[in-house]
Each structure stands twice: as structure tokens, then as C-alpha cells.
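Trainee: Got a minute to walk me through this one? I'd like to go through the sheet, the helices and a few single residues.

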Amino acid sequence: MNVERLFYTDDFSESGFVFAPFDNQQKSILFPLETSDFITENISLDAFIDEEKTFFADEAAKETHIKLVEKTIEEIKKNDLKKVVVSRTEQVKIDDFNLVVIYQKLLQNYKNAFVYVWFHPKIGLWLGATPETLLEIKDSVFTTMSLAGTQLYKDTENIVWKSKELNEQQLVTDFIESQLSGISSNLKIDKTETVKAGSLLHLKTKVTGVLNEKSSLKTLVSALHPTPAVCGMPREKSKKFILENENYKRSFYTGFLGELNLQSSTFKTPSSSLFVNLRCMSINKNNASIFIGGGITKDSNAAKEWEETVSKSNVMKRVL
Ligand SMILES: C=C(O[C@H]1C=CC=C(C(=O)O)[C@@H]1O)C(=O)O
């Protein structure tokens with residue numbers, strides 16, 4: 001494989017591994033199946049003791065993020081937006097960087113997540129442990145999910161959710177339902193449940209359906225990405241606000257990644273498994289850029305939204 005060359009998806013009919021940015025106007029990178037090797041390895045996960053670590057928040061970053069959240073709340077009220085997800089990046093110095101150890105720690109700590117390491121010499125090194133499935137599809141039968149709302153896990157998943165989180169997550173479910181109703185049949189929305197992702201809890205609703213014969217995978221992906229779990233409602237207005245107001249470029253954070261149209265030895269028809277790129281970081285030499293965000297509604301409290309991003313960044317810092 002010519003490792004220096006970058007390939008892109010054209011219409012999602014290709015086979016390989018896709019890495020898509022948040023901005024759906026930008027191209028998605030593809031590792032084409034024809035130029036890839038598959039290697040399977042068993043990893044032992046018992047080797048690491050999960051140490052408790054204390055992290056200190058950066059006061060300047062706090063002020064900047066709180067200002068951004070306050071501006072977002074104003075924008076929501078002024079322009080009749082329902083929700084906007086705003087985010088920030090945090091820089092962490094890593095001593096003795098060891099990719100394999102970090103990857104093993106991610107696997108150990110985030111058992112329900114899609115844990116990945118992705119590298120291309122022209123783009124860089126990314127890794128993450130995402131709890132959110134964008135899309136699983138095989139033989140036109142698909143599963144997706146609405147994931148939003150965050151609380152810290154404190155020894156129980158039996159918790160009460162406030163109306164802010166319930167509304168914020170319901171918005172995502174409603175968006176998914178309305179986007180899929182015209183291009184699919186047998187749409188089924190499951191009961192909403194609480195799920196654990198590392199030391200955090202989220203609200204999740206599973207959605208299943210059958211893609212219409214006339215609709216392509218590209219249509220389905222474009223209908224879903226970006227959902228209001230990472231962008232907002234209405235989608236285009238929120239995206240514009242995010243691109244103009246966040247203090248950095250998201251690039252692949254809140255994009256999606258995964259296997260595209262791959263055929264296994266068991267199944268004859270190709271299937272795709274795509275995940276939203278959350279709880280992720282990019283690594284440059286001995287520096288990790290961690291990406292974290294949260295859904296803002298008119299009922300948000302800016303200080304609490306800051307704390308939520310701190311909890312999310314601690315989830316990533318724990319493995320560094
Ligand atoms: C945008 C992120 O999370 C999304 C997914 C789950 C919960 C979220 C929330 O509670 O705001 C976000 O919608 C992130 O973790 O960076």
C-alpha cells in the first residue's frame with residue numbers, strides 16, 4: 001500500500017475503513033479494502049491496575065468555555081434554536097508515550113465502547129473509546145441510536161434524569177425519527193435506557209428500521225450525520241454557529257468512523273458499522289489534544305456545562 005496517499009469516499013459504495021470529519025461538506029477519508037491487510041490479535045486486559053488520578057482544571061479554559069456556553073444560550077433564545085452542542089479542546093503533555101499501553105487501558109476501561117487507534121502519515125494519530133453508534137447496517141436492516149444527557153456514575157445506573165437532559169435526548173430521537181421516516185420502513189423506537197460509558201452515564205434510545213430499496217447508504221448516512229447529539233437543532237443553523245464560534249477546529253471529533261461495506265466469511269452480504277467519534281484525542285509527539293463537548297439548551301447552566309466537559313476530559317486523561 002502506498003502509505004503516503006490519501007483516498008476518499010465518493011458515494012459510500014466503496015469498501016474499507018472510513019474516517020469522516022464533523023463538517024459534512026468536507027470529504028471522508030477511506031482506507032480502501034484492496035490496499036488493506038487484516039490482522040487479528042488477542043489482547044490480555046488484566047495487566048493494568050486502574051489508578052485513581054486527580055486532575056486540575058485550567059481556569060482560563062473555564063472562563064472561555066463558560067463564555068461560549070453563555071453566548072450559545074443567548075443564540076438559542078434569540079434565534080429560536082432548540083439545542084446546540086458546543087465543545088472545546090484541551091492539551092495534555094504525555095510523558096513516556098506508549099501507544100499500545102494507552103490502547104490497552106482504553107479497552108480495559110471502556111468495555112461497552114468502540115475503541116480505536118487510527119493513523120495516517122498525512123493526517124496524524126487519533127484514538128478514542130466512543131459509546132455512540134452512528135449506524136450498523138446489513139441487508140438493508142439498520143440500527144442507530146439517540147445518545148445524549150450526561151451524569152457522573154456513582155455506583156448505580158438507577159438514577160433520576162432532570163427535564164433538561166430528558167428533553168435534550170428526546171430532541172435527538174425525534175430528529176432521527178423524522179430524518180428516517182421518508183427513507184425507511186418498519187421504524188422501531190425502543191424504550192429509553194441509562195447506559196454507562198466509562199465513569200459516565202447517558203440516556204440512550206435504540207432505533208431500528210429497514211432502508212428503502214431506492215435509498216442508498218449515502219442517503220442514510222447523510223440523513224443521520226451530524227445528529228443533534230453532536231451538532232444541534234435545527235441542524236444547519238447549529239452547524240453554522242459551531243463553525244463560527246468554537247475556539248478551535250473540530251476536524252474529526254464528532255465525525256464518524258468504522259467499517260464500510262465489508263464482507264465477513266460468515267455473511268455473504270457486506271455490512272457497515274459506523275461510530276460517532278466521541279471521547280477521542282489526537283496525538284502529536286508528546287502532546288494529546290482531547291476533545292469534549294456537551295448539548296446546550298435554553299435550560300442549560302453554564303457552570304454545570306463546564307463541569308460536564310471536565311468529567312468527559314477526565315475520562316480520557318485517566319488512560320494517559
Ligand atoms: C459531544 C459529546 O457528547 C455527546 C454524547 C453524549 C452526551 C452528550 C451530552 O450530554 O451533552 C453529547 O450530546 C462529547 O462527549 O464530546
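**Sheet, helices and a few residues**

Mentor: Sure, start with helix H6 (residues 302–317), which lies across E4, strand E6 (124–130), strand E15 (280–284) and strand E16 (287–296), running at about 145° to E16. Angles here run from 0 to 180 degrees between N-to-C directions, with axes as lines fitted to C-alpha atoms, for helices over the stretch in contact. Helices (H or I, at least four residues) and strands (E, at least two) are DSSP runs, numbered from the N terminus.

Trainee: And what kind of model is this?

Mentor: This is a predicted model, where local features need pLDDT of at least 70 and side-chain atom pairs count only at pLDDT 80 or more, while totals for chains, interfaces and linings use all residues. Residues are numbered from 1 along each chain as its sequence is written, and side-chain values use heavy atoms, with hydrogens and water left out.

Trainee: Okay, what's the strand order in the open sheet of 6 strands?

Mentor: The order is E5-E6-E15-E16-E4-E12, and the pairing is antiparallel. Two strands pair if DSSP finds at least two bridges between them. Strand E5 (114–120) and strand E12 (232–233) are the edge strands, each pairing on one side only.

Trainee: How many bridges join E4 to E12?

Mentor: There are 2 bridges between strand E4 (residues 83–93) and E12, and the two run antiparallel. Lys83 stands opposite Met233 of E12 there. With E16, E4 pairs over 10 bridges, again in the antiparallel sense, and Arg88 sits opposite Ile292 in E16.

Trainee: What about E15 and E16, how many bridges there?

Mentor: E15 and E16 are joined by 5 bridges and run antiparallel. Ser282 has Ser289 in E16 as its bridge partner. The two strands form a hairpin with 2 residues between them, and Lys285 takes a positive phi near 50° in that hairpin.

Trainee: Is E16 mostly covered or mostly open?

Mentor: E16 is mostly covered, with 10 of its 10 residues buried. Buried means under 20% relative accessible area, exposed over 50%, partly exposed in between (1.4 Å probe, protein chains only).

Trainee: Which residues point which way from E16?

Mentor: Asn287, Ser289, Phe291, Gly293 and Gly295 go one way, Ala288, Ile290, Ile292, Gly294 and Ile296 go the other way, and all are buried. In a regular strand, side chains alternate between the two faces of the sheet.

Trainee: Switching to helices: how do the axes of H3 and H4 cross?

Mentor: Helix H3 (residues 163–181) and H4 have axes that come within 9 Å and cross at roughly 150°. That makes H3 roughly antiparallel to H4 (over 145 degrees counts as roughly antiparallel, under 35 as roughly parallel, 65 to 115 as roughly perpendicular and the rest as oblique). The contact (heavy atoms within 4.5 Å) is made by Phe175, Ile176, Gln179 and Leu180 of H3 and Leu220, Ala223 and Leu224 of H4.

Trainee: What comes after H4?

Mentor: His225 lies in the loop between helix H4 (217–224) and E12.

Trainee: Buried or exposed, that His225?

Mentor: His225 counts as buried because its relative accessibility is 6%. A polar atom of the His225 side chain lies 3.1 Å from the backbone oxygen of Phe22. Leaving aside neighbours within four places in sequence, His225 contacts Pro21, Phe22, Asn24, Leu134, Arg235, Thr254, Gly255 and Phe256.

Trainee: Now Phe241, where is that?

Mentor: Phe241 is in helix H5 (residues 235–245), and Phe241 is buried, with a relative accessible area of 4%. The C-alpha atoms of Phe241 and Val86 are separated by 9.1 Å, although the two residues are 155 residues apart along the chain. Beyond neighbours within four places in sequence, the contacts of Phe241 are Lys71, Thr72, Glu75, Val84, Val86 and Glu246.

Trainee: Last topic, E7 and E8: how many residues are between them in the hairpin?

Mentor: There are 2 residues between them, and Asp139 in the turn has a positive phi of about 55°. Strand E7 (residues 133–138) and strand E8 (residues 141–152) are joined by 3 bridges and run antiparallel, with Val141 in E8 as the bridge partner of Lys138. E8 also pairs with strand E11 (residues 200–211), antiparallel over 11 bridges, and Met145 stands opposite Lys206 in E11.

Conventions:
A polar contact is a pair of N or O atoms within 3.5 Å; within protein, one must be able to donate a hydrogen and the other to accept it, and residues adjacent in sequence count only if both atoms are side-chain atoms.
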